[in-house]
Every structure is written in C-alpha cells, then in structure tokens.
Amino acid sequence: QVQVVESGGGLVQAGGSLKLSCAASGRTFGILPMAWFRQAPGKDRDFVASINWSGSNTNYADSVKGRFTISRDGAKNAVYLQMNSLKPEDTADYYCAAGGSPPNAKAYPYWGQGTQVTVSS
C-alpha cells in the first residue's frame, strides 16, 4: 500500500510561483512512477506532469511546458512540482498520484487528497 499526501498550495498572483510537495510512504515508492494532475471546478481531472522511478524521464502537458518542473527525491520519498509564471487558468485542485501510466488518471491506483492552488489576475 502507498499513501500520498500533498502540500504547498495557496493563493498567488499571476506571474508568481509555487512549489507543491508530495510525500509518499510505502516500501515500493522508489520504483513507482509518479504524476501530478489537476481539476478545476466543474471540469475533468487533467494530467499535468509525470516522472519515472529514477527521475530520468519526465512528461508535461502542453499547457504547462516551460513553466512547470516535476522532480523527485528518493531519499525523502518525495515528489515536487515547481510552478512558475502562473496564470489564472492554472487555478485548480492539484493531486499527486502514484503507480500509473500517464496521461490517464484512471491508470493511477494511489492518490492524495489534493491541495488547492488559486492564481489571481
């Protein structure tokens, strides 16, 4: 079993930055692919970024390429999402997920509770 907990959300002005953290527990964390998704009110849960078990391969949604960076720290059992040049359309609940294959949210069996990000214009 893998438990996932996100943190780091908040309110930021357009053009600003936030860094989300995802703490994972479970003996298999080190070999699990990880990902971030987001869900705006009334919309589907969308893929944002993913990273493989070693950190050598990352993928991004077109809407965040060049602005967001996903990384992981195996020693800390953590995954991060650095978000720069934030836009109001980035406003959503952000979820950390483990063990699946991007970009399909249904492929991920483990999820955190989400952290809210609000970008004001």
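Buried means under 20% relative accessible area, exposed over 50%, and partly exposed in between. The exercises below concern a predicted model.

**Exercise 1. The disulfide**

Find the disulfide of the structure, give its handedness, and state whether its cysteines are buried or exposed.

Solution.
- Step 1: A search of the whole structure gives one disulfide.
- Step 2: The partners are Cys22 and Cys96, with sulfur atoms 2.1 Å apart. A cysteine pair counts when its sulfur atoms are within 2.5 Å.
- Step 3: Cys22 belongs to strand 3 and Cys96 to strand 9, so the bond ties together parts 74 residues apart in sequence.
- Step 4: The torsion about the S-S bond of Cys22 and Cys96 is about -80°, so the disulfide is left-handed.
- Step 5: Both Cys22 and Cys96 are buried.

**Exercise 2. Rings around Trp111**

Classify the pairs that Trp111 forms with Phe37 and with Tyr95, and decide for each of the three residues whether it is buried or partly exposed.

Solution.
- Step 1: The whole structure holds five aromatic pairs.
- Step 2: For Phe37 and Trp111 the ring centres are 5.1 Å apart and the planes meet at 55°, so this pair is tilted. Planes over 60 degrees apart would be needed for edge-to-face.
- Step 3: Phe37 lies in strand 4 and Trp111 in strand 10 (residues 110-111), so the pair ties together parts that are 74 residues apart in sequence.
- Step 4: Phe37 has a relative accessible area of 0% and is therefore buried. Trp111, at 25%, is partly exposed.
- Step 5: Tyr95 and Trp111 are 6.4 Å apart centre to centre, with 75° between the planes, and form an edge-to-face pair.
- Step 6: This second pair connects Tyr95 in strand 9 with Trp111 in strand 10, 16 residues apart.
- Step 7: Tyr95 has 11% relative accessibility and so counts as buried.
- Step 8: Ring pairs join Phe37, Tyr95 and Trp111 with Phe47 and Tyr108 in a cluster.

**Exercise 3. Charges over rings**

Which ring face does Lys19 lie over, and which does Arg45 lie over?

Solution.
- Step 1: Lys19 is placed over the face of Tyr80, 4.7 Å from the ring centre.
- Step 2: Arg45 is placed over the face of Tyr95, 3.7 Å from the ring centre.

**Exercise 4. The largest nonpolar core**

Which residues of the largest nonpolar core touch the most other members, and which strand supplies the largest share?

Solution.
- Step 1: The core has 32 residues; those touching the most other members are Met34, Trp36, Val48, Phe68, Leu81, Met83 and Tyr94.
- Step 2: Strands that each supply at least two core residues include strand 3 (18-25), strand 4 (34-39) and strand 9 (92-98).
- Step 3: Strand 9 supplies the largest share, five residues.

Methods. Residues numbered from 1 in each chain as written. Predicted model: local features only at pLDDT ≥ 70, side-chain atom pairs only at ≥ 80, totals over all residues. Heavy atoms only, no water. Core = buried A, V, L, I, M, F, W, Y, C linked by side-chain atoms within 4.5 Å. Buried < 20%, exposed > 50% of the residue type's maximum accessible area, 1.4 Å probe, protein only. Helix = DSSP H or I, 4+ residues; strand = E, 2+ residues; numbered from the N terminus. Phe/Tyr/Trp six-rings, centres within 6.5 Å; stacked < 30°, edge-to-face > 60°. Lys NZ or Arg CZ within 6 Å of the ring centre and 35° of its normal.
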